[in-house]
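Let's walk through this model together, starting from a single helix and working out to the cores. Keep the structure open beside you as you read.

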Amino acid sequence: MAVTSDPKSKKLIIRFRVAGYAKQFYLSTGLKDNKSNRVVVESRWEFIQREISLGEFDPTLERYKFGDKKPKVKPKDNKITLSELWERFTQFNQQFLEATTIDGYRFTSQAISKLPSEPLKIKDYLLEKYSYSVARKIYADLSRCCGWGISCGLVSENPFQPQLPKLKKSSREELAAYTLKQRDLIIYTFEHHHKFSHYSNLIKFLFWTGCRPGEAFALTWKDVSSDCTKITISKSYASKIRLTKGTKNGKRRIFPAATGGKLQNLLLEMRSPHSNPDDLVFCSVGGKQLTLKILDKVWRGHQTREYFYPGVVRELAYKNQLPYLKLYSTRHTFATWAIASGSSPDKVAYWLGDNVSTILTYYCHPEVSKADCPDF
């Protein structure tokens with residue numbers, strides 16, 4: 001990241017390099033490192049990036065200094081619409097963001113075309129039209145877009161500040177891991193389900209490796225060693241885009257499967273002598289690419305006009321056999337029980353393709369592991 005915090009002054013700075021210049025550029029902001037100031041500094045960094053991409057970079061940095069001065073940009077004669085600003089914003093960010101992030105902007109693009117023309121009415125419209133989480137996400141996208149527009153001199157104000165607050169999660173949502181008995185009940189129910197037993201191997205794999213669903217969707221047999229003891233996780237699949245260049249955070253890792261263990265045996269049973277290296281390890285009932293939409297239907301359920309058909313886990317929750325947790329709880333469950341069983345946090349962080357602080361903060365739930373003795 002170009003925007004960092006000076007370890008001595010605790011104030012934000014911008015460090016970056018530009019092709020054609022030997023030196024590293026350094027820009028002091030004089031702003032303390034907090035959330036609101038980071039928005040300001042990141043907007044200035046986006047403006048600098050824009051100038052670099054347009055060949056208008058000022059190597060003296062005079063145009064980008066903080067204080068009373070503002071970035072000097074050419075005034076615009078015509079008033080730009082929100083749709084036009086959003087289009088320029090997404091085009092600019094395509095060179096910096098992951099393809100899945102840009103693909104996620106499509107929903108906001110569709111929503112913008114239906115928004116009221118008056119900015120003050122947009123918040124009420126979003127809250128009435130969508131769920132709170134979706135409305136909050138669209139509103140945040142619009143706020144980032146206008147913040148970028150200000151730094152580029154395209155607009156003079158950001159009507160989407162402050163952003164909608166994040167709702168506090170309920171205690172059940174915070175319980176984001178299952179006990180071992182609950183995990184095994186989910187696996188058993190999938191294995192014997194009249195409609196969704198095909199997906200039991202995928203559910204086992206998610207629980208036993210903690211990998212992200214998209215990483216499992218993209219896994220091919222060439223990623224699995226011949227004896228099924230090593231699994232290379234280097235790509236992900238989401239929203240019809242296969243990220244062959246890397247996982248969510250770009251970390252390539254090798255997950256070990258113990259010799260004679262249940263994970264190795266699962267993969268050995270699944271592997272056919274006729275399997276091609278490029279064949280997907282997990283696919284839909286019809287042999288097609290798996291997506292989150294398909295797996296959500298299997299796990300949570302789906303709604304028709306007249307009835308809600310619960311998925312495997314939602315149905316177990318209806319029967320009060322366990323609490324309902326989202327699909328990502330498979331990752332939380334693995335991390336929690338791996339650490340409870342004696343694995344070091346740094347080793348679990350490597351297996352999950354994350355860092356230790358993230359594992360301990362978000363994925364480890366010691367209150368869950370207290371319910372059972374470690375028998376991982």
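Helix α1 (residues 35–53) buries a long list of residues, among them Val 41, Trp 45, Phe 47 and Ile 48, along with Arg 44, Glu 46 and Arg 50. Here buried means under 20% relative accessible area, exposed over 50% and partly exposed in between, using a 1.4 Å probe and protein chains only. Helices are DSSP runs of H or I with at least four residues, strands are E runs of at least two, and both are numbered from the N terminus. The cover over these buried α1 residues includes strands β1 (3–5), β2 (11–16) and β3 (25–32), plus helices α2 (82–93) and α5 (132–151). Following α1 comes Gly 55, with a positive phi near 75°.

A word on the source: this is a predicted model, where local features need pLDDT of at least 70, side-chain atom pairs count only at pLDDT 80 or more, and totals for chains, interfaces and linings use all residues. Residues are numbered from 1 along each chain as its sequence is written, and side-chain values use heavy atoms, leaving out hydrogens and water.

Now turn to the largest nonpolar core, which has 53 residues; such a core is a set of buried Ala, Val, Leu, Ile, Met, Phe, Trp, Tyr and Cys residues joined through side-chain atoms within 4.5 Å. Ile 186, Phe 190, Phe 205 and Trp 299 have the most contacts inside it. Helix α8 (residues 200–209) supplies the largest share, six residues. A second, separate core of 23 residues includes Phe 89 and Tyr 105.

Ile 186 and Phe 190 are also among the buried residues of α7, whose cover includes α8, α10 (262–270) and α11 (292–299).

Definitions and conventions. Contact means heavy atoms within 4.5 Å. The expected span of a helix is 1.5 Å times one less than its number of residues.
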